[in-house]
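Student: I am new to this structure. Please show me how to read it, one feature at a time.

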Amino acid sequence: MSDLQETREVAAKAREWIGSMLISGVARRSVSVAVISAAAESMMLADGVGPTSAFLRAQADLVDRTGPEFIEAARRAANGGK
């Protein structure tokens, strides 16, 4: 299995878990903070503070660059492509 394929499969499982937390009544912000914090903790222990900080900054830059288009595409998909 390629790294990209493995990443997609893990992301799908994460989305399912997040969905189950939301359905059970956990606030979206609480779920998001917990997931991001746990991931950052794991990365810091494995890779160190510098690489983790650089990765998180790159993720924030990606959200800034592509977030509006992502939201629009998700809305169109939810509305049957309209």
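**Reading the helices, pocket and surface**

Tutor: Take one pair to begin: R76 and E72 sit 4 residues apart in helix α3, so about one helical turn separates them. Keep in mind that this is a predicted model, where local features need pLDDT of at least 70, side-chain atom pairs count only at pLDDT 80 or more, and totals for chains, interfaces and linings use all residues. Residues are numbered from 1 along each chain as its sequence is written, and side-chain values use heavy atoms, with hydrogens and water left out.

Student: What joins the side chains of R76 and E72?

Tutor: A salt bridge is a side-chain nitrogen of Lys or Arg within 4 Å of a carboxyl oxygen of Asp or Glu. Here R76 and E72 form one, at 3.6 Å from N to O. A search of the whole structure finds 1 salt bridge.

Student: Are R76 and E72 buried or exposed?

Tutor: Buried means under 20% relative accessible area, exposed means over 50%, and partly exposed lies in between (1.4 Å probe, protein chains only). R76 has 36% relative accessibility, so R76 counts as partly exposed. E72 has 39%, so E72 is partly exposed too.

Student: How do I read a helix such as α2?

Tutor: Helices are DSSP runs of H or I with at least four residues, strands are runs of E with at least two, and both are numbered from the N terminus. The expected span of a helix is 1.5 Å times one less than its number of residues. Helix α2 covers residues 28-47, which is 20 residues. From first C-alpha to last, α2 reaches 28 Å, close to the 28 Å expected. G48 follows α2, with a positive phi near 100 degrees.

Student: What is the span of α1?

Tutor: α1 has 21 residues and reaches 30 Å, close to the 30 Å expected at 1.5 Å a residue. G25 follows α1, and its phi is positive, near 105 degrees.

Student: How far apart are D47 and L62?

Tutor: Compare sequence with space. D47 and L62 are 15 residues apart along the chain, and their C-alpha atoms are separated by 21 Å. D47 belongs to helix α2 and is partly exposed, at 47%. Now try A14, in helix α1. A14 and S53 are 39 residues apart in sequence and 22 Å apart in space, C-alpha to C-alpha.

Student: What is the volume of the largest pocket?

Tutor: First, the idea. On a 1 Å grid over the protein atoms alone, a pocket is an open set of points with protein on both sides within 12 Å along at least five of seven lines, and lining residues have an atom within 4 Å of a point. A volume is the space filled by probe spheres set on the points, which are joined across faces, edges and corners. The largest pocket here has a volume of about 1,200 Å³.

Student: Which residues lie nearest its centre?

Tutor: I18, V35, I36, Q59 and V63 do, out of 24 lining residues. α1 (3-23), α2 and α3 are the elements that give two or more residues to this lining. The largest share, 10 residues, comes from α3.

Student: Which residues form a nonpolar patch on the surface?

Tutor: A patch takes residues with over 30% relative accessible area and no salt bridge; nonpolar side chains (Val, Leu, Ile, Met, Phe, Trp, Tyr) are joined within 5 Å, like charges within 9 Å. Accessible areas come from the Shrake-Rupley method with a 1.4 Å probe; for residues, only the protein chains shown count as cover. I36, F55 and L56 form this patch, with about 270 Å² of accessible area together. L56 lies in helix α3, residues 49-78, and is partly exposed at 36%.

Terms used: 1 Å grid on protein atoms, 1.4 Å probe; cavity = no way out; pocket = protein on both sides within 12 Å on 5 of 7 lines; lining within 4 Å.
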